[in-house]
Amino acid sequence: MKYVLEALQPQNVFRIFEEISRIPRGSGNEAAIGRYVADFAAGLDYEAVSDEAGNAAVNVPASPGMENCGKLILQAHMDMVCEKEAGSAHDFLTDPIKLYMEDGFVKAKGTTLGADDGIGMALALAIMEDKTLRHPAMQFLFTTGEEIVFQGAKPWTKI
Ligand SMILES: [Zn+2]
């Protein structure tokens, strides 16, 4: 599939952001983006775990020689603010965000972009994907409902 943001660097970050943008993910509608995280992790031979709030966490072991360092957590939320221009037929439950580039900026046709927090997710997943990085044991935590009541952040210690 062709990527609208193909020319942007770091390329993997924007590829992942574009994949995330194709998945409707308003607050309360995070099941599909949670599956994307689980599939992404599975593709790297990691396992995602989830809780009753729909949060997804991926635990990644330390690189060789880094086992004695403290664990590092990277957190981002999966939901986005869903606003659209008056008259837009966009359905946030079913339609992908339509990305385009204008004057060097990434924009969305008629809707909010979802960079909050899609780019946070993309950065975290790009780090997860890069097996050349040396790092301590890590947890990548993706929470739900941040834009409404921090629903996912509250029970995060259960994962
Ligand atoms: Zn936010």
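The expected span of a helix is 1.5 Å times one less than its number of residues. In this predicted model, helix α3 covers residues 115–129, which is 15 residues. From its first C-alpha to its last, α3 reaches 20 Å, close to the 21 Å expected at 1.5 Å a residue.

**Helix α3 and its surroundings**

Several residues of α3 are buried: D117, G118, G120, M121, A122, A124, L125, A126 and M128. An α-helix has 3.6 residues a turn, so residues three or four places apart point the same way. The buried residues of α3 pack against two helices, α1 (11–21) and α2 (31–43). They also pack against the strands β2 (56–60), β3 (72–77) and β6 (138–143).

Two of these neighbours of α3 contain residues that can be looked at one by one. Strand β6 holds Q139, which is buried, with a relative accessible area of 6%. The side chain of Q139 makes a polar contact with the side chain of N59, at 3.0 Å. Helix α1 holds S21, which is also buried, at a relative accessible area of 1%. Leaving aside residues up to four places away in sequence, S21 touches P96, I97 and L99.

**The zinc site**

Which residues supply the protein donors of the zinc ion? They are H77 through NE2, D116 through OD (listed twice), and E146 and E147, each through OE. These donors lie 2.1 to 2.8 Å from the zinc ion. Along the chain they follow the spacing H-x38-D-x29-E-E. The pair H77 and D116 links distant parts of the chain, since H77 is in strand β3 and D116 is in helix α3, 39 residues apart.

Are H77 and D116 buried or partly exposed? Buried means under 20% relative accessible area. H77 has 5% relative accessibility and therefore counts as buried. D116 has 42%, so it counts as partly exposed.

**Cysteines and a summary of accessibility**

The structure holds 0 disulfides. Two cysteines, C69 and C82, are included in the table below, together with the residues discussed above.

| Residue | Relative accessible area | Class |
|---|---|---|
| S21 | 1% | buried |
| H77 | 5% | buried |
| Q139 | 6% | buried |
| C82 | 28% | partly exposed |
| C69 | 40% | partly exposed |
| D116 | 42% | partly exposed |

C69 counts as partly exposed because its relative accessibility is 40%. C82 falls in the partly exposed class at 28%.

Notes: Residues are numbered from 1 along each chain as its sequence is written. This is a predicted model: local features need pLDDT of at least 70, side-chain atom pairs count only at pLDDT 80 or more; totals for chains, interfaces and linings use all residues. Side-chain values use heavy atoms; hydrogens and water are left out. Helices (H or I, at least four residues) and strands (E, at least two) are DSSP runs, numbered from the N terminus. Buried means under 20% relative accessible area, exposed over 50%, partly exposed in between (1.4 Å probe, protein chains only). Contact means heavy atoms within 4.5 Å. A polar contact is a pair of N or O atoms within 3.5 Å; within protein, one must be able to donate a hydrogen and the other to accept it, and residues adjacent in sequence count only if both atoms are side-chain atoms. Donors are N, O and S atoms within 2.8 Å of the metal (3.2 Å for Na, K and Ca); water is not among the atoms, so sites may look incomplete. A disulfide is a pair of cysteine sulfur atoms within 2.5 Å.
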